[in-house]
Amino acid sequence: MEKQKTNDRTKKGTGGYSNITVKKETATRFRSYSKKFNKSHSEVLDEMIQFFKENSLDPFGEGTKIILDNIKKLERQMMKKFDRLIAIIKNMEKTSIRPTYEMVLILYEAYVKDGRKPKREPVQIQEERRDFLEPRNTVPKTEHDRILRELESHKKRCNEILNSVEKVEPMMGKPYLKINMGIGDFESLKHQLR
């Protein structure tokens, strides 16, 4: 089966060579395997033997079982570590991520409720009190009439402005009021109110 022959020829920096007889298929498999490492056949075979010795492996005996046991042990250890990582992530989710998310969700829901369905409180209009406009002995009649005319003029102008107001409901954000007024009219109103 195994035949060894010592060759007296030597290469630079290497020891002597010996021939080993193996099946053709095995030799082909070994050559293709050793090509993966870009090493000589001798170097690959030496490393394989060293690996088996260092790890106390016997390809035909208990060594294979030891490897499988070690792999299973390593797998169990890794699963325990994964379980610990999952527990840490779940704890982070409960203590920091989830509360933050829920707070943002509550704020968003409140915003949507306010933005889409504004609460309208009934406006209570008080009856106009005109007793302060009644003529008194301290205000001359002409001055009083002029103030009443100005009041009526301001009321008319305020009604015009209120009639030009329209409600705008954008797709995003809260609804707002828009006054349809030219820039000149706006500047004039500002000047009158100063």
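# Exercises on a predicted model

A search of the whole structure, which is a predicted model, turns up two aromatic pairs.

**Exercise 1.** Describe the geometry of the pair formed by Tyr33 and Phe37, and then decide how the pair of Phe51 and Phe52 should be classed.

*Solution.* A pair of aromatic rings is described by two quantities, the distance of the centres and the angle of the planes. For Tyr33 and Phe37 the distance is 5.1 Å centre to centre and the angle between the planes is 75°, and this pair is edge-to-face. For Phe51 and Phe52 the ring centres are 6.1 Å apart and the planes stand at 65°, so this pair is edge-to-face. The step from angle to class needs one cut-off, namely that planes over 60 degrees apart count as edge-to-face. As for exposure, Tyr33 is partly exposed at 34% relative accessibility, and Phe37 is partly exposed with a relative accessible area of 41%. In the other pair, Phe51 counts as partly exposed at 45%, and Phe52 is partly exposed at 31%.

**Exercise 2.** Work out where Ser34 sits, whether Ser34 is buried or exposed, and what surrounds this residue.

*Solution.* Begin with the element: Ser34 belongs to helix α1, which covers residues 24–35. Next comes the accessibility, where the cut-off for buried is under 20% relative accessible area. Ser34 has a relative accessible area of 1%, and therefore counts as buried. Then look at the side chain, in which a polar atom lies 3.1 Å from the backbone oxygen of Arg31. Finally, if residues up to four places away in sequence are not counted, Ser34 touches Lys39, His41 and Val44.

**Exercise 3.** Carry out the analysis for Ser164: which elements lie on either side of its loop, and which residues does Ser164 contact?

*Solution.* Ser164 lies in the loop between helix α4 (141–163) and strand β3 (165–168). Its relative accessibility is 17%, and for that reason Ser164 counts as buried. Once neighbours within four places in sequence are set aside, Ser164 is in contact with Lys178, Ile179 and Asn180.

**Exercise 4.** The whole structure holds five salt bridges; describe those that Arg146, Glu160 and Glu187 form, with their distances.

*Solution.* Start with Arg146, which forms a salt bridge with Glu143, the closest N and O atoms being 2.5 Å apart. Both residues lie in helix α4, three residues apart, about one turn of the helix. Glu143 and Arg146 are also linked with Glu150 in a network of salt bridges. Move on to Glu160, whose side chain meets that of Arg157 in a salt bridge of 3.2 Å, N to O. Glu160 and Arg157 both lie in helix α4 as well, three residues apart, about one helical turn. End with Glu187, which is joined to Lys190 by a salt bridge of 4.0 Å, N to O. Because Glu187 and Lys190 are three residues apart in helix α5 (residues 183–193), about one helical turn separates them.

**Exercise 5.** Name the residues of the nonpolar surface patch, and place Met78 within the structure.

*Solution.* The patch is formed by Leu74, Met78, Met79, Phe82, Leu85, Ile86, Ile88, Met92 and Ile97, which together have about 860 Å² of accessible area. Met78 is found in helix α3, residues 62–116, and is partly exposed, with a relative accessible area of 37%.

How values were computed. Residues numbered from 1 in each chain as written. Predicted model: local features only at pLDDT ≥ 70, side-chain atom pairs only at ≥ 80, totals over all residues. Heavy atoms only, no water. Helix = DSSP H or I, 4+ residues; strand = E, 2+ residues; numbered from the N terminus. Buried < 20%, exposed > 50% of the residue type's maximum accessible area, 1.4 Å probe, protein only. Polar contact = N/O pair within 3.5 Å; in protein donor to acceptor, adjacent residues only side chain to side chain. Contact = heavy atoms within 4.5 Å. Patch = residues over 30% accessible without salt bridge, like charges linked within 9 Å, V, L, I, M, F, W, Y side chains within 5 Å. Areas by Shrake-Rupley, 256 points an atom, 1.4 Å probe, with all protein chains shown as cover. Phe/Tyr/Trp six-rings, centres within 6.5 Å; stacked < 30°, edge-to-face > 60°.
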